[in-house]
Amino acid sequence: PVVGEVSDPQDGARVRDEVLSRAGRLDVLAASLGGWWQGASLLKTPLEVWNRLMADLLTSHFLTAKHFLPPLLERGGAYTLINGFSALEPYAGAGAVSVAAAGQLMLGRALAAELRGSG
């Protein structure tokens, strides 16, 4: 395995480079990042918790796409962004997860629109 923190721009690039160095190429990526969190209501969620959740659940997907899509596009590879049901269904006490998941969903749609026809 290659261990790293993909929500950190430098470490995400290092992970990509190490994967490419070991494997020689990249054909498929399944981005299953983040997890579940349930706690305070949105209005009672501390900013530091919000920022950590957005980094873990949304920014990590953005940076993973940014780092790994270019080498995938070179080979016509496949990128799968795995998301959860909370993108469409909000849950009390887990609002931050729903917001991040909805952002993940739109991130995937925006990338698909921008990359349409690129293979």
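Accessible areas here come from the Shrake-Rupley method with a 1.4 Å probe, and for residues only the protein chains shown count as cover. This is a predicted model: local features need pLDDT of at least 70, side-chain atom pairs count only at pLDDT 80 or more, and totals for chains, interfaces and linings use all residues. Residues are numbered from 1 along each chain as its sequence is written, and side-chain values use heavy atoms, leaving out hydrogens and water.

**Exercise 1.** Work out how much area the chain exposes and what share carbon and sulfur atoms supply.

*Solution.* Start with the total: the chain exposes about 7100 Å². Then take the share: carbon and sulfur atoms supply 59% of that area.

**Exercise 2.** Lay out the elements of the chain from the N terminus on.

*Solution.* First count them: there are three helices and two strands. These are DSSP runs, numbered from the N terminus (helices: H or I, at least four residues; strands: E, at least two). Next, put them in order, and you get α-β-α-β-α.

**Exercise 3.** Find where Tyr-91 sits and say why it counts as partly exposed.

*Solution.* Locate it first: Tyr-91 is in the loop between strand E2 (78-81) and helix H3 (95-115). Now check the cut-offs: buried means under 20% relative accessible area, exposed over 50%, and partly exposed in between (1.4 Å probe, protein chains only). Tyr-91 counts as partly exposed because its relative accessibility is 35%.

**Exercise 4.** Find what share of the chain is buried.

*Solution.* Take the 119 residues of the chain; buried ones make up 34% of them.
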